[in-house]
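Dear colleague,

I am passing on a structure for you to look through, and below it I have set out what was found. Please keep it open beside this email as you read.

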Amino acid sequence: MARPTRAVINFDALRHNLAVARQAAPASRLMAVIKANAYGHGLERVAQALPGAQGFGVACLEEAMVIREAGINRPVTLLEGVFEADELLVASQENLTLTLHQPWQLEALAAVSLPQPVAVWLKVDTGMHRLGFEPEEVAACLQRLAAMPQVARVGLMSHLACADDRQDARNAAQIARFASLAAGLPNPKTLANSGGLLGWPDSHYDWVRPGLMLYGVSPYPDTHVGTLGLKPVMTLRTELIAVHKYPAGAEIGYGAAWRCPEPMRVGVAAVGYGDGYPRHAVNGTPVLVRGQSARLIGRVSMDMISLDLRGLPEARVGDEVVLWGNGLPVEQVARSAGTIAYELLCNVAPRVRIQQTGQAMGGQDGTELANVGC
Ligand SMILES: *Cc1c(COP(=O)(O)O)cnc(C)c1O
């Protein structure tokens, strides 16, 4: 029997979450952010499964090419633009939308001759202080771009730094800064990620750019994903490959990091940090065994974890173990591992087989596919 570790991708949930996003921002177009292999869900699969997205956002040319090679011709934005001038030619040939955030990118565009003009987003720093031109530089940049035959149209883009906290006053400040820049400009505008989309209608503008929420993860640490009407898309699952009964005092796993306080049953599940399960998950990190709560004990190994099976007298070898997803939000596991859901999803390793459920274009129910990185 093959190793039972799988990432089950539920395309019905994906489309449901897209509908939630569209409902929350009905007047905006939707750029589905599918960078980093669609947050670990499979870039091509996710792009194919989202005919309702009017465009896509990716981190690099290679990711954009996966979409184009899949025969999808909708707008694709390179969220950080090109990394070297040589990429401009391909971007133009493939009708990709550039982000411009550094002067050299403007200069490179001004200096190149392109087969067809490109659409660009001018990235403005409204307070995050990561990428973008200063608000005071925007007028001059727009003027410059308007004079370039290489440029088809120019939009304004910014990004929220604290959108995961609806109480944070920095959001209103960034939104106000963007609004004052945007006032009177006819250019298309985009500001909101998932947190902005669900939290601040005045951040919606012409295009919203949800990533995380499409995968069924709450963008707010204080809000359960179900409260937002979102459904987890990825369920990381495996099975119990061993069940033992140990006496009180038995020490479990590497470093003898956990000691049985009483005679008890301990299960071993076939998943570890080699699959992307976080090595820093602490004792007590929740898992589901046969759909019931159980807890991680001891250190996470490369290929295995140990589980406290007290309270689960029925558990036996072959039982399903869910690490996150259906019934166990990945956010909760992330908290136990001192990280965020984004990282856990992106880190699912190529050796984990992908299994699709729900209606997906280009695949049948239950079809197994090799994972593809980007
Ligand atoms: C990743 C990213 C997004 C999506 O953010 P989520 O928090 O996942 O919704 C939107 N815009 C930009 C520029 C990004 O880099």
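**Salt bridges in the model**

R3 is partly exposed, with a relative accessible area of 32%. Please bear in mind that this is a predicted model. The partner of R3 is D275, and the two form a salt bridge in which the closest N and O atoms are 2.8 Å apart. Because D275 belongs to the loop between β13 (264–269) and β14 (286–289), while R3 belongs to the segment before β1 (6–10), this pair ties together parts that are 272 residues apart in sequence. Unlike R3, which is partly exposed, D275 is buried, its relative accessible area being 0%. The two also take part in a network of salt bridges that links R3, D275, D303 and R351.

A second long-range pair is made by E320 and R237, whose side chains meet in a salt bridge at 2.8 Å, N to O. Here E320 sits in strand β17 (residues 320–324) and R237 in strand β10 (residues 234–246), so that distant parts of the chain, 83 residues apart, are linked. E320 counts as partly exposed at 37% relative accessibility, whereas R237, at 15%, counts as buried.

Within a helix there is the pair of D12 and R15, with their closest N and O atoms 3.6 Å apart. Both residues lie in helix α1 (residues 11–24), three residues apart, which is about one turn of the helix. D12 is partly exposed at 41% relative accessibility, and R15 is partly exposed too, at 27%.

In total, the count comes to 14 salt bridges.

With best wishes

Definitions and conventions: Residues numbered from 1 in each chain as written. Predicted model: local features only at pLDDT ≥ 70, side-chain atom pairs only at ≥ 80, totals over all residues. Heavy atoms only, no water. Salt bridge = Lys/Arg side-chain N within 4 Å of Asp/Glu carboxyl O. Helix = DSSP H or I, 4+ residues; strand = E, 2+ residues; numbered from the N terminus. Buried < 20%, exposed > 50% of the residue type's maximum accessible area, 1.4 Å probe, protein only.
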